[in-house]
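Got the viewer open? Let's take a walk through the structure, one selection at a time.

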Amino acid sequence: MIHPTILYSIHQNPPRPDGQDGGYHLRVQHLHDMDTSDLADEAVRNNSVFKKGAIEGVLTDLSAWLADALAGGRAVTLNGIGTFTPHVEGRVEAGPEGLKAEGLRIGDVVFTPSAQLLERINKRTHFKRQLPVRRTEVTDAEADMFLDAHFATHALLQRHHVEQYFSLSKRRSLALISRLVGDGRLRPAPDTTARTAAYVRG
């Protein structure tokens, strides 16, 4: 079985108020979003006995079923998945007759995964460390050093090479490539397409 990979990075916490080291925390990088249709497609690919339309229908109706149950002040536990718990919020004011709550609403629904769900996730997951996403601008000198090293071993350059080397987001890596093309450091490779964009040295 092919294990999906979660890319994570390590970040230092700020110092504690008493001056002690704040320690570190882990953060997932490059989360990939899925919607209802994507999840239904995944289920069908994994040999679900249900058709995609039926899966999407149940997932869509689940929102309404949960809303009805949570509106009644009930926590809903889905076996093997977890528990949804409503949390109320509002303004609390003191008056002549004591405390009074106004503007009440369900401000949050907390999801607590079941032990079975966490076990299933961890059995399927592979973890790979990645440097935190870079926030500073790539200098011309850094770009030239990267291009020299890359084209010493590769005939073509693609966006993911830039992303991984500089630890940039997709948007910022595309912006850097556009800058390098504009500066004449890169040019589109022959037969390149928008879907498989590749570049050669300018």
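Before the first stop, a bit of vocabulary: a crossing of two helices is left-handed if the near helix is turned anticlockwise from the far one by less than a right angle, and right-handed if clockwise. Keep in mind, too, that what you have on screen is a predicted model.

**Stop 1: α5 and α6**

Select residues 159-166, which are helix α5, and residues 170-182, which are helix α6. The two axes come within 9 Å and cross at roughly 110 degrees. Angles of 65 to 115 degrees count as roughly perpendicular, so that is the word for how α5 and α6 lie to each other. Try out your new vocabulary here: the crossing of α5 and α6 is right-handed.

Now show side chains. On the α5 side, the contact is made by Arg159, Val162, Glu163 and Phe166. From α6 come Lys170, Ser173, Leu174, Leu176 and Ile177. Colour this contact by class and you'll get 5 nonpolar, 1 polar and 3 charged residues.

**Stop 2: glutamate 163**

Stay in helix α5 and pick glutamate 163. Is this residue buried or exposed? Its relative accessibility is 16%, so glutamate 163 counts as buried; the cut-off for that word is under 20%. Leaving aside residues up to four places away in sequence, glutamate 163 touches Leu168, Ser169, Lys170 and Ser173.

**Stop 3: α4 against α5**

Next, add helix α4, residues 140-151, and keep α5 on screen. α4 and α5 pack at an angle of about 120 degrees, and their axes are 12 Å apart. This pair is therefore described as oblique. As for handedness, the crossing of α4 and α5 is right-handed.

Who meets whom? Glu142, Ala143, Phe146 and His150 are the α4 residues, and they meet His161, Val162, Tyr165 and Phe166 of α5. Sorted by class, the contact of α4 with α5 has 5 nonpolar, 2 polar and 1 charged residues.

**Stop 4: the aromatic rings**

Time to look at rings. How many aromatic pairs does the structure hold? There are 4, and we'll visit two of them.

Start with phenylalanine 146 and phenylalanine 166. Their ring centres are 5.2 Å apart and the planes sit at 65 degrees, so the pair is edge-to-face. This pair links distant parts of the chain: phenylalanine 146 is in α4 and phenylalanine 166 is in α5, 20 residues apart. Both of these phenylalanines are buried.

Then select tyrosine 165 along with phenylalanine 166. Here the centres are 4.8 Å apart and the planes are at 80 degrees, so this pair is edge-to-face as well. Compare how much of each residue is accessible: tyrosine 165, at 44%, counts as partly exposed, whereas phenylalanine 166, with a relative accessible area of 7%, is buried.

Show Phe146, Tyr165 and Phe166 together, and you have one aromatic cluster.

**Stop 5: asparagine 47**

For the last stop, leave those helices and jump to asparagine 47, in the loop between α1 (36-45) and α2 (52-71). What is the phi of this residue? It's positive, about 65 degrees, although asparagine 47 is not a glycine. Turn on the surface as well: with a relative accessible area of 68%, asparagine 47 is exposed.

Technical notes: Residues are numbered from 1 along each chain as its sequence is written. This is a predicted model: local features need pLDDT of at least 70, side-chain atom pairs count only at pLDDT 80 or more; totals for chains, interfaces and linings use all residues. Side-chain values use heavy atoms; hydrogens and water are left out. Axes are lines fitted to C-alpha atoms, for helices over the stretch in contact, and angles run from 0 to 180 degrees between N-to-C directions. Helices (H or I, at least four residues) and strands (E, at least two) are DSSP runs, numbered from the N terminus. Angles under 35 degrees count as roughly parallel, over 145 as roughly antiparallel, 65 to 115 as roughly perpendicular and the rest as oblique. Contact means heavy atoms within 4.5 Å. Ala, Val, Leu, Ile, Met, Phe, Trp, Tyr, Cys and Pro count as nonpolar, Asp, Glu, Lys and Arg as charged, and the others, Gly among them, as polar. Rings of Phe, Tyr and Trp (its six-membered ring) pair if their centres lie within 6.5 Å; planes under 30 degrees apart count as stacked, over 60 as edge-to-face and the rest as tilted. Buried means under 20% relative accessible area, exposed over 50%, partly exposed in between (1.4 Å probe, protein chains only).
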